[in-house]
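Biologist: I would like to learn how to read features from a structure of this kind, one feature at a time. Could we begin with how exposure is described, and then go on to charged pairs, strands and empty space?

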Amino acid sequence: DPSDRDAVVKQHEECIKEKKIYDRIHRIRLADGTTKIIHRKGELILDEHGEPVKMIGTTQDVTEEYRVQQELKENQTFIRKITDATPSIIGSYNINTGKYVFISEGLEKLLGYDPGDVISQGVGFFADIIHPEDAAPIMEKNAKALEEANASPDRNDLVVEFTYRMRHKNGNYR
């Protein structure tokens with residue numbers, strides 16, 4: 001593709017000059033006008049004086065993988081926009097790492113807290129703001145959910161809903 005050509009040539013020349021591995025994903029345009037995404041990797045062969053004499057490598061058509069990757073990114077963005085627009089707190093918790101991987105903006109809209117606080121503090125954040133009367137039932141339900149998840153480690157579609165009171169940043173419970 002003409003818009004990629006200069007950068008591709010520049011990186012190729014830089015790899016030869018600095019004697020480093022060439023690794024680049026870029027577009028090409030076929031004779032019929034079709035655009036493909038290719039991944040090229042190349043390694044230099046040096047002579048007895050350490051000077052490059054040739055480059056060997058591979059070129060792989062990654063057009064379909066790139067398309068799927070772009071589609072996934074678009075879907076993730078769309079899902080994030082939906083979750084952030086709903087008047088609820090939506091989170092995703094990885095039971096294997098013990099960390100939250102996503103908290104919607106609903107946390108800030110409904111309770112006044114920054115979602116980044118949950119990501120950095122983990123479950124301890126919620127433990128501090130859950131109404132004391134709701135803590136024991138939640139822990140019991142959570143333990144059952146973990147037991148079920150551990151009994152079926154190949155399942156990654158387990159969804160558990162919790163309803164309980166939490167303290168707003170201003171001190172009131174909701």
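Modeller: A residue is called buried when its relative accessible area is under 20%, exposed when that area is over 50%, and partly exposed in between. Please keep in mind from the start that this is a predicted model. Arg67 is a good case to begin with, because its relative accessible area of 40% makes it partly exposed.

Biologist: Which residue does the side chain of Arg67 meet in a salt bridge?

Modeller: The general idea is that side chains of opposite charge can pair when their charged atoms come close. In this model, the side chain of Arg67 meets that of Glu64 in a salt bridge, at 2.5 Å from N to O. Glu64 is likewise described as partly exposed, because its relative accessible area is 46%. Both residues belong to helix H2, which covers residues 63–85, and because they are three residues apart there, about one helical turn separates them.

Biologist: Which residues are joined into one network by salt bridges that share partners?

Modeller: That network joins Glu14, Glu18 and Lys20. One of its links is the salt bridge in which the side chains of Lys20 and Glu14 meet, at 2.8 Å from N to O. Lys20, with a relative accessible area of 34%, is partly exposed, and Glu14, with 30%, is partly exposed as well.

Biologist: How many salt bridges does the count come to?

Modeller: The count comes to ten salt bridges. Among them is the one between the side chains of Arg27 and Asp4, with 3.0 Å from N to O. Arg27 is in strand S1 (residues 22–29) whereas Asp4 is in helix H1 (residues 2–18), so this pair ties together parts that are 23 residues apart in sequence.

Biologist: Are Arg27 and Asp4 buried or partly exposed?

Modeller: Arg27 counts as partly exposed, because its relative accessibility is 32%. Asp4 counts as buried, because its relative accessibility is 14%.

Biologist: Where is Phe78 found, and is Phe78 buried or exposed?

Modeller: Phe78 is found in helix H2, and because its relative accessible area is 53%, it is classed as exposed. To place this residue against another part of the chain, one can take Gly171, which is 93 residues away along the chain and whose C-alpha atom is separated from that of Phe78 by 33 Å. A second pair can be read in the same manner: Lys36 and Tyr66 are 30 residues apart along the chain, and their C-alpha atoms are separated by 9.7 Å. Lys36 has its place in strand S2 and is partly exposed, with a relative accessible area of 25%.

Biologist: Which residues make a nonpolar surface patch?

Modeller: Ile45, Val53 and Ile56 make a nonpolar surface patch of about 250 Å². Ile45 lies in strand S2, which covers residues 35–46, and this residue counts as partly exposed because its relative accessibility is 31%.

Biologist: In what sense do strands S4 and S5 pair?

Modeller: Two strands are said to pair if at least two bridges are found between them. Here S4 (residues 91–94) and S5 (residues 99–103) pair in the antiparallel sense, over four bridges. Gly91 has Ile103 in S5 as its bridge partner. The two strands form a hairpin with four residues between them, and Gly98, which is in the turn, has a positive phi of about 75°.

Biologist: How much space lies in the largest pocket, and which residues lie nearest its centre?

Modeller: In general, rolling a probe the size of a water molecule over the atoms shows where empty space is left. The largest pocket holds about 1,500 Å³ of space. Its lining has 39 residues, and those nearest its centre are Gly91, Tyr93, Tyr100, Val160 and Phe162. At least two lining residues come from each of S4, S5, helix H3 (106–111), helix H5 (123–129) and helix H6 (132–151), with H6 giving the most, namely eight residues.

Biologist: How many cavities of 30 Å³ or more does a search of the whole structure find?

Modeller: The search finds one such cavity. The largest cavity has about 30 Å³ of space, and its lining is made by Glu148, Ala149, Ser152, Arg155 and Leu158.

Terms used
Residues numbered from 1 in each chain as written. Predicted model: local features only at pLDDT ≥ 70, side-chain atom pairs only at ≥ 80, totals over all residues. Heavy atoms only, no water. Patch = residues over 30% accessible without salt bridge, like charges linked within 9 Å, V, L, I, M, F, W, Y side chains within 5 Å. Areas by Shrake-Rupley, 256 points an atom, 1.4 Å probe, with all protein chains shown as cover. Salt bridge = Lys/Arg side-chain N within 4 Å of Asp/Glu carboxyl O. Buried < 20%, exposed > 50% of the residue type's maximum accessible area, 1.4 Å probe, protein only. 1 Å grid on protein atoms, 1.4 Å probe; cavity = no way out; pocket = protein on both sides within 12 Å on 5 of 7 lines; lining within 4 Å. Points joined across faces, edges and corners; volume = space filled by probe spheres on them.
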